[in-house]
Amino acid sequence: MSAERNPDPKTPADHPDAEPRPGRLTAAAALAALEGLALVTGGVWMLVLGLTGDGDDRQQAITGGVTVILLALLPLLAARGLLLRRSWSRGPAVITQIMALPVAYSLLQADSVAIPAGIALAVVAVTALVLLVNPATTRALGIRGPGGNVQDQK
């Protein structure tokens with residue numbers, strides 16, 4: 001066991017003893033929030049199409065829209081947690097990026113206007129992953145590495 005303590009998760013970021021939030025952490029939170037907002041937008045779009053479309057696809061579109069909106073909660077909650085420096089938030093943020101990569105790949109395989117969306121999603125997901133595993137992000141979140149030491153102490 002280490003004598004060092006994990007940072008108090010209740011300590012506000014504007015507390016005088018708190019270090020400033022690294023730009024990488026803020027950028028990762030912004031990318032997660034962007035993905036969450038994109039999912040909410042897509043879910044609302046599916047709902048609107050379902051409510052205004054023909055009766056055959058209505059129930060499927062409504063169910064799909066509600067599901068996509070609920071899935072948007074994962075990156076949105078992760079983004080909020082990252083901004084508040086909650087160590088638990090990195091897991092959902094990483095999971096969101098990993099789930100986005102196959103979606104980006106399938107968009108890239110389409111023979112349509114979905115290809116630019118696939119490129120954009122792939123760039124966002126890979127960038128967010130790099131930011132989330134960065135030692136400065138790990139340190140800011142108080143995540144301990146092997147041996148119980150906070151990552152990359154300097």
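**A tour of the helix packing**

Begin by selecting helices H1 and H5, whose axes come within 9 Å and cross at roughly 145°; as you look, bear in mind that this is a predicted model. The crossing of H1 and H5 is left-handed. To see what lies between them, show the side chains of Arg24, Ala27, Ala28, Leu31 and Glu35 in H1, which meet Leu121, Val124, Ala125, Thr127, Ala128, Leu131 and Leu132 in H5. Coloured by class, the contact of H1 with H5 has nine nonpolar residues, together with one polar and two charged.

Next, select H4, residues 90-109. At 1.5 Å a residue, its 20 residues should span 28 Å, and because the C-alpha atoms at its ends are 29 Å apart, the expected and modelled spans agree. Within H4, pick out Pro92, Ala93, Thr96, Gln97, Ala100 and Ala104, which are buried. Against which helices do the buried residues of H4 pack? Adding H1 (23-52), H3 and H5 (114-133) to the selection brings those partners into view.

Finally, keep H4 and turn to H3, residues 73-83: the axes of these two helices come within 8 Å and cross at roughly 140°, which makes H3 oblique to H4. The crossing of H3 and H4 is left-handed. On the H3 side the contact is made by Leu74, Pro75, Ala78 and Leu82, while H4 contributes Arg90, Pro92, Ala93, Ile95, Thr96 and Met99. The residues of this contact of H3 with H4 comprise eight nonpolar, one polar and one charged.

Technical notes: Residues numbered from 1 in each chain as written. Predicted model: local features only at pLDDT ≥ 70, side-chain atom pairs only at ≥ 80, totals over all residues. Heavy atoms only, no water. Axes fitted to C-alpha atoms, helices over the stretch in contact; angles between N-to-C directions. Helix = DSSP H or I, 4+ residues; strand = E, 2+ residues; numbered from the N terminus. Parallel < 35°, antiparallel > 145°, perpendicular 65-115°, else oblique. Left-handed = near helix turned anticlockwise from the far one by under 90°. Contact = heavy atoms within 4.5 Å. Nonpolar A, V, L, I, M, F, W, Y, C, P; charged D, E, K, R; others polar. Expected span 1.5 Å × (residues − 1). Buried < 20%, exposed > 50% of the residue type's maximum accessible area, 1.4 Å probe, protein only.
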